[in-house]
Amino acid sequence: MCLGIPGEVRSVTEGELRSGTVAFGGIVKEVCLAYVPEAQVGDYVVVHAGFAISVIDAAAAARVFSYLDEIGATAEIDDEPPG
Amino acid sequence: MKFLDEYRDQATARRYVEAIRARATRPWTLMEVCGGQTHAIVRFGIDELLPPSLTLLHGPGCPVCVTPVELIDQAIALAARPEVTFCSFGDMLRVPGSECDLLAVKAAGGDVRVVYSPLDALALAARHPEREVVFFAVGFETTAPANAMAVVEARRRGLGNFSLLVSHVLVPPAMEAVLAGPERRVDGFLAAGHVCVIMGIDDYRPLAARYRVPIVVTGFEPLDLLQGIHMCVTQLAEGRAEVENQYARSVRRAGNAAAQAVLREVFEVVPRTWRGIGEIPASGFALRTAYAQHDAARKFGVGGIGGREDPACQSGRVLRGLLKPPDCPAFGIRCTPETPLGATMVSSEGACAAYFRYRRFATA
């Protein structure tokens, strides 16, 4: 139920209810942008039930890939199965 | 798709699994709160990659599953009224009420529609002023702002024929109910990422401190879940019980201020009954009196309708992490997605449905 899909803001229409179009892969949908007043064209947003609820922070998004190096987990595990 | 596919990278996932193995030095039990996380864990087989000392329990975070049978019966009563166009997210249609489900009402000629957004239901109300359009407002904190905005817009646009049947529930009180029970089995939580997008993470600090339990706000893709598990296990290994944020690309510490403002305007916090669990104080939203004209339960007087649960259904124990789906005597025999006894077998995010769909009959 709490599914949120990331998509790219393609256009913004200011008005009583801020809205815009968001592209999900090849699919473009009308989305309410009232809860992301800071979102601009080109930003990626998380969309739930027709509403963008968050602008994705690209720097934080990369952290899942650097985390293991930061904590010092070995990088060669792929090539050397444990045993 | 960007911000989805890269979080399914196999090589990185293997590194995470090894890092978790190195950290999981004692038997620990983690609970993922959100049904979307449960679905991803079972779909991608993440639980089977973990060392045997680590157990994942599936939490109460599926709104479809915890909506009480009374509300389903009220929805069915509303949907059967000739003047009502009843709109709902699709997964509510097959949830069993006392006697039947919403799909049966539709089959009998009721005007029941599946919508993607409450704004779609609002658009129906604008196009059909002769109809009473009722939207079934279920969901957690993630969904509540969308439903709140639909009511705000209905008022602004003078759409008096639009109302909500509200069954909103809140996640932190349910987590506390899991922790406070005498049968507590949970050593750490993966908290629901999109709930925290709206509400922020500070609400969890008192829980983490009071119950000495690590809480890691976690996303929904395989690498998110693996990183969340690693962070949680690391806290347990180091004897910490803190709130951490794995899903920082979307979750800000204070949450979404614009959404919180609309929630406060439209809803008040009330006690709610959770299907399979019972009443939990201050665990849900109801419309404020100022929005009473958009409250379907008051408008149509269905608030008093009660309900009756099938006694063979053990979804309450599943929702509290006390029973794994395949251990239920009815699982896959009397209870299947085609003939569900309870909501956990209906919803695509229900733990029973996830186990059934991915053929986990023999693994628990």
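Here is a quick tour of a sheet in chain B, the helices around it, and a helix pair that joins chains A and B. Keep in mind that this is a predicted model.

Start with the sheet. Chain B has an open, mixed sheet of 6 strands, in the order 4-3-5-6-11-10. Strand 4 (111-114) and strand 10 (267-274) of chain B sit at the edges with a single partner strand each, so one side of each has no neighbour in the sheet. On average, neighbouring strands are turned by 25 degrees against each other, direction ignored.

Further in, strand 5 (residues 132-139) and strand 6 (residues 162-169) of chain B run parallel and share 7 bridges. Along this pair, B:Val133 faces B:Phe162 of strand 6. Two helices that touch the sheet are set out below.

| Helix of chain B | Strands of chain B touched | Angle |
|---|---|---|
| Helix 5 (residues 69-79) | 3, 4, 5, 6 and 10 | about 165 degrees to strand 6 |
| Helix 7 (residues 118-127) | 3, 4, 5 and 6 | about 170 degrees to strand 5 |

Then there's helix 9 (residues 171-180) of chain B: 7 of its 10 residues are buried, so the rest of the structure largely encloses it. Among the buried ones are B:Pro172, B:Pro173, B:Met175 and B:Leu179.

Now for the helix pair. Helix 2 (residues 63-70) of chain A packs on helix 1 (residues 10-23) of chain B at about 40 degrees, with the axes 11 Å apart. That angle makes the two helices oblique, and the crossing is left-handed. A:Val64, A:Phe65, A:Tyr67, A:Leu68 and A:Asp69 meet B:Thr12, B:Arg15, B:Tyr16 and B:Ala19 here. By type, the contact residues are 6 nonpolar, 1 polar and 2 charged.

Technical notes: Residues numbered from 1 in each chain as written. Chains lettered and ligands numbered in written order. Predicted model: local features only at pLDDT ≥ 70, side-chain atom pairs only at ≥ 80, totals over all residues. Heavy atoms only, no water. Pairing = 2+ DSSP bridges. Axes fitted to C-alpha atoms, helices over the stretch in contact; angles between N-to-C directions. Contact = heavy atoms within 4.5 Å. Buried < 20%, exposed > 50% of the residue type's maximum accessible area, 1.4 Å probe, protein only. Parallel < 35°, antiparallel > 145°, perpendicular 65-115°, else oblique. Left-handed = near helix turned anticlockwise from the far one by under 90°. Nonpolar A, V, L, I, M, F, W, Y, C, P; charged D, E, K, R; others polar.
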